[in-house]
Amino acid sequence: MISPLARKSFSLLFLLTLSFVFLAPTIAEAQKFVANYDESKIPDYQLPDPLVTQAGEAVTTPEQWRERRSVLVDLFEKHVYGVSPKPCPIRHSLVSCDENALGGKAVRREVDVFFGESDDAHSMRLLIYTPTKSTGASAAFVGLNFQGNHTIDPDPSISITESWVRDRRDDSTDGHRATAAGRGVAASRWPVETIIDRGYSLVTIYYGDIDPDFDDGFQNGIHGPLGSQLDDVPQVHRWGSIAAWAYGLSRALDYLETDSAIDATRVAVIGHSRLGKTSLWAGASDPRFAMVISNDSGCGGAALSRRAIGETIGRINTSFPHWFCDQYVKYNENENACPVDQHELLALIAPRPLYVASATEDQWADPKGEFMSATLADPVYRLLGTDGMGGKSLPDEMPAADQPIKSGRIGYHLRTGKHDLAKYDWEQYLDFADKHLTKKE
Ligand code: GCU
């Protein structure tokens with residue numbers, strides 16, 4: 001005989017099991033991220049004003065902006081990208097030199113730059129093209145690449161990176177190492193010959209040389225050897241990978257200051273996607289970059305986080321926990337609590353020329369949010385005596401596809417097509433550089 005009490009407990013257990021079986025998938029489902037692409041479903045938000053201090057006072061002069069700027073840099077460090085170590089001394093060594101590259105149009109060099117003076121210091125390899133016909137030092141584009149220097153051009157004498165690489169489904173990688181099959185696979189993103197023909201140098205570095213792009217608790221790449229300098233900084237505010245990659249770009253610029261073929265006062269930093277987020281942070285945190293280009297940088301780059309459309313802070317921190325500082329997680333599904341938004345990152349680049357680009361099929365990166373961000377940086381550019389986005393007033397609406405806005409200090413375009421760094425993008429950047437990076441006599 002089963003007692004009434006035992007029967008009761010049995011039915012309770014049965015009910016609990018039943019609800020678990022049916023409810024568990026629903027809970028998991030609810031946690032699964034579904035991107036919003038509907039403008040009408042954007043949550044209410046209020047953007048911080050770059051020209052109003054944390055204490056609520058208006059910033060009306062360039063002097064006041066300088067103070068405000070340093071507060072904003074500090075906020076971006078502590079809440080978004082993390083605090084980086086102070087610049088380390090660098091040393092370099094020439095690895096290879098071809099004076100007759102691109103059929104004689106360019107000198108191609110590989111230079112290792114070491115983070116520190118010790119023999120075992122971590123290093124990154126710069127692939128440098130300079131135009132042979134250039135008289136004197138030339139302006140340059142500097143950008144990180146995704147798959148290794150050997151992927152940006154099929155030239156078989158470019159060394160294959162020995163750093164960790166993300167495995168691909170083709171034969172360009174093998175067990176997280178790059179193979180010769182990857183030579184030139186990213187060439188469409190790096191029109192080396194066009195850049196040289198237009199009179200610019202190109203400097204590129206494999207981002208994995210600086211910090212391998214996977215979550216290992218901020219230990220590998222330069223995080224390990226340089227991280228000990230951050231012992232005084234609370235863990236949650238220490239640099240993530242984007243800050244480490246940006247730090248690498250600044251050390252590359254330290255090197256370029258010593259390279260007589262390149263005019264380090266005329267260097268544009270460029271990046272696509274996660275590396276566009278990186279070029280923005282490099283440009284914001286290092287005012288020596290004379291021009292900054294963000295190609296499809298999206299969430300954590302040029303796009304406004306508070307719009308929470310396409311990729312969100314919560315989603316990016318879940319998929320890529322190592323890109324930002326740990327503090328940034330506080331703003332997962334809680335964007336309004338973040339003391340800054342990304343238009344203020346763009347404002348940190350003022351008054352230097354800034355170009356933001358989006359692509360029509362890249363809704364994940366929120367093209368509209370990238371455009372809005374660029375327009376919201378305009379008042380800071382104007383306060384500093386420049387023409388901002390150009391024209392007397394700001395455009396009310398996003399420009400149509402393939403109609404670049406590039407007459408002012410802030411450029412913007414929406415390219416037809418997918419998430420990529422394309423020939424069309426480069427054409428606009430080269431025009432923009434012609435306007436802003438020419439030598440001042
Ligand atoms: C993912 C990520 C984006 C990033 C992109 C990239 O799509 O969600 O934030 O920009 O990768 O770097 O390719």
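**Exercise 1. In this predicted model, work out why the sulfur of Cys-338 makes no bond to another cysteine.**

Start with the closest candidate: the nearest cysteine sulfur to that of Cys-338 belongs to Cys-325, and it sits 9.1 Å away. Now bring in the cut-off: a disulfide needs two cysteine sulfur atoms within 2.5 Å. So 9.1 Å is too far for a bond. Next, check the surroundings: Cys-338 is buried, at 4% relative accessible area.

Go on to the full tally, and you end up with zero disulfides. Cys-299 fits that picture, being in no disulfide, with its nearest cysteine sulfur, the one in Cys-338, 11 Å off. Cys-299 is buried too, with a relative accessible area of 6%.

**Exercise 2. Find which side chains put a polar atom by a ligand oxygen, and how much of the ligand the protein buries.**

First, list the neighbours: the residues around the ligand include Phe-146, Ser-273, Ile-316, Phe-320, Trp-323, Trp-364 and His-419. Then pick out the polar pairs. Arg-274 has a polar side-chain atom 2.6 Å from a ligand oxygen, and for Lys-277 the distance is 2.9 Å. With Glu-311, a side-chain N or O atom is 2.6 Å from an oxygen of the ligand. Last, the area: on its own the ligand exposes 320 Å², and the protein buries 81% of that.

**Exercise 3. Check the span and burial of helix α6.**

Count first: α6 runs over residues 241-256, which is 16 residues. Then compare spans: end to end, its C-alpha atoms reach 23 Å, close to the expected 22 Å. Finally, look at cover: 16 of the 16 residues in α6 are buried.

Note on methods
Residues numbered from 1 in each chain as written. Predicted model: local features only at pLDDT ≥ 70, side-chain atom pairs only at ≥ 80, totals over all residues. Heavy atoms only, no water. Helix = DSSP H or I, 4+ residues; strand = E, 2+ residues; numbered from the N terminus. Expected span 1.5 Å × (residues − 1). Buried < 20%, exposed > 50% of the residue type's maximum accessible area, 1.4 Å probe, protein only. Polar contact = N/O pair within 3.5 Å; in protein donor to acceptor, adjacent residues only side chain to side chain. Areas by Shrake-Rupley, 256 points an atom, 1.4 Å probe, with all protein chains shown as cover.
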